[in-house]
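Please take a moment to look over the sequence and the model, and then follow the paragraphs below, which move from the interior to two of the helices.

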Amino acid sequence: MPYLGSEDTVRELRRALSNPNVQSDQLRYRNTILKVIRAMSQGVDVSGLFTEMVKACATVDIVQKKLVYVFLCSYAAVNPELSLLVINTLRKDCQDPNPMVRSLALRNMTNLRLPSLVEYVEQPLTAGLRDRAACVRRVAVLGWAKLHDLQPSSEIDAAVANELYSLLRDPDPVVMVNCLRALEEILKEEGGVAINKPITHHLLNRLKELDVWGQCEVLKVLQRYRPQSEEELFDILSLLDASLVSPHPPVMAATLSLFLSLCSGLPAVSLAALERARGPLLAACGSASREMRFTALCHIQLLLRSLPGLMGAHYKRFFCGYAEPAFIKQRKMQVLVELVNDENVAMLLDELKGYCTDVNTDTAQAAISAIGRIGRSYSDRCLEILTGLLGLKQEHITSAVVQTMRDLVWVCPQCSDTVCEALEGCEETLQDSQGRQALLWLLGVYGERVSGAPYTLEVFIDGVRSEASLEVKMELLTSTMKLFLCRPAETQDMLGRLLHYCIEEETDMCVRDQGLLYYRLLHCGIEETRKVLQGRRSDPSLGVLIGRPAEPISQWACSFNTLEPLKQGTAETKAASRGSPQHVTFDPKPNKHFSDTLTCNQAEAYSGPDSASGCADSCADAQAPGVALPVCLSPSPALSPQEFERLWLKRQVLHADKVLPGADNMAEEEEDYVCLEDGVRCLAIPGCSPQSLQAAMQLVNIQTLAFTPPHTLPWRVYLYSHTQPTDTAHRTLILAELLYTGQAKPRAAAAAAGQKGTADGEVEVEGREEEWMKEGEEATADEVKVTVKQQPRDDKALKGFLSILTTVLHTLSSDRK
């Protein structure tokens, strides 16, 4: 056909469809109809041919019928009146002796999607449910779901629902699965299809007859069933055992999700199921489908939250291939970081070092960031690699290395000397705003250790007029102010020029206001300026535990085999674009729950409908004498070391400022905040290894965040945990510090201290033990000072937390003794 306009094309097609010579030749007629479909797919409006196409559906040629039905279903909504002309033909085809014609007519009768035609469709659909051909029954079952979608507010016909329930025992497996899907849609407001014991066992026995997606559908529905006895539970698990190692990843994932749902009260069985699923998951990581590989990696990360060593022996399977896309490489690097241990750290760092020079800049920066995360435990090896990368003088590599060093010294202050030595000359290579911002932060915090820090800042100040990044200007202001406090003679002149520019010439109000703030702050005196800009720093002797605690499986079981792991993975895979630590903004939630303010810079934690039952499983039942109610603890959501330090120091300042005049504006906040100081007498705890202490705390869902090496004075440990909400209490966060200064305290003095009244803002724990040591032991013991901070205030939860903590410390003490 020659090229014609839209109107000319429709006119030409109408002439051909109405030509008796064309109609008499079946092949020419079909080709003309095919031209109509082709024009429709190209965007030509051929709705004017509706009448001619209605006439064309009266044929015995099945191919022609299919083509005509595609046209009619596409334009039925545009011509609702003319669509009535098709109903008679469709109803007649529903009684055709050919089952393919009957199924085709039923499918397209429901695909017309016209509420005015519902009364004409119900009778053929009812007859289709009892048709002798399975293909017709398949279409009729789904047709009732489509019909319900057209009129969702209409009442459900009980006879139809009963008919669909009876078809669950249809000999054709596809009909059975279609019935499940239809009942789920029709009974959505009632909670979906009712799954009882006979239906469950029938579906499980026929599971092998279904295709991959049919098995997934059945396994998903079966998650709503709860076995009535332990014997029935293990019978069901035996039937599912073969599907757990299915070569099809969707079936394996659906089966494992059902295993975790059924075995929520049997952690040993759940762990055994995860072990069995390791092989299929590793096989899925080598799938030809990129999407399948990415999904498998995301779910492996989910499993590692409860079994950190699950994939430890197979870490080489997560090495990146040259031709793999960037998003899979970044995901594999995240998994490799979680598999690092003393035995494989050298090989993994060598592998990650090779990725740092990848042609894809995102992959290279992700590899450098992964090395930085490993550096929190193996700082010397990682800093050697990072320092060597600076010698490459590549812009994107230098930027990523400086940002990684900034994050590393924030968490591990003991690395600051090596980082300061490596900063010389980096400013010449940095071009992007994030790298320059990280360099300025390092120069501001550790400028007294970098000999060329003032000269580097002067280069930035001379070019501030051409600086386009607002964040860099604000960081430059702060860094120059901090450097002025420690090196005033070298920095005074350039600080004056920078403040003059920011106040007099800068057009951005944020930079101008910050410049005015610093200018007025300097008028208050150097000491006042120092108090504002130079806060406490992290103790260099503290080492950070980055190993993720072994979470209960119930924490994430609800999100397995859903899109939730992929969403979390997307948030973690994004390139690091955060600013300097003190410039991170926090947006507290309206309910003012202390735990909500902690996770505002993290991905939102998943909370499924079974979270309450999961909390009950992980509830710590240890109680202090005299405390009647147990407290349920949870280490989730996780708290970063930076956020812990910020909140700990913030609450310490608020607690100290209560006694100062003019602090009435903090009364409302202090009313819901509590700080408790207590002493726990126990033997040999300061000599306990960090690994033993962390493992003991994890058993009661208390997370160990940072620690001082054993036999170091003063000895400190920082802990946190969340209390689970109950009917009478809200969810709260508890921060705790264990401090041992090396002074032993006699029993009498300890007893007297236990009888003293508490200070303002503290609570006293009732029922403290009077006897801490057995007969025959020495009269003195190590007293560990426990400082606990909590908001919102919940005295019962605080007493329970202190009781659990005391029990753990005494247990460790007795074990070491």
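Which residues in the largest nonpolar core touch the most other members? In this predicted model, they are Val-46, Phe-71 and Phe-318, in a core that holds 188 residues. The largest share of this core comes from α15, which supplies 9 residues. A second, separate core has 33 residues, and among them are Val-680, Val-700, Phe-801 and Leu-812. In soluble globular proteins, nonpolar side chains tend to be buried together.

To see one of these residues in its surroundings, find Phe-71: leaving aside its neighbours within four places in sequence, Phe-71 is in contact with Val-36, Ile-37, Met-40, Val-46, Leu-49, Phe-50 and Met-53.

Turn next to helix α14, which runs through residues 230-244. Its 15 residues should span 21 Å at 1.5 Å a residue, and because its end C-alpha atoms are 20 Å apart, the model agrees with that expectation. The helix nevertheless has a kink of about 30°, centred on Ser-238. Its buried residues are Glu-232, Leu-233, Ile-236, Leu-237, Leu-240, Ser-243 and Leu-244, and what covers them includes α12, α13, α15, α16 and α17.

Helix α18, at residues 290-304, also has an expected span of 21 Å for its 15 residues, and its end C-alpha atoms are 21 Å apart, which agrees. Because 11 of the 15 residues of α18 are buried, this helix is largely enclosed by the rest of the structure. Among the buried residues of α18 are Arg-293, His-299 and Gln-301, along with Phe-294, Ala-296 and Cys-298.

Notes. Residues numbered from 1 in each chain as written. Predicted model: local features only at pLDDT ≥ 70, side-chain atom pairs only at ≥ 80, totals over all residues. Heavy atoms only, no water. Helix = DSSP H or I, 4+ residues; strand = E, 2+ residues; numbered from the N terminus. Expected span 1.5 Å × (residues − 1). Bend = angle between axes of the 7 residues up to and from the residue. Buried < 20%, exposed > 50% of the residue type's maximum accessible area, 1.4 Å probe, protein only. Contact = heavy atoms within 4.5 Å. Core = buried A, V, L, I, M, F, W, Y, C linked by side-chain atoms within 4.5 Å.
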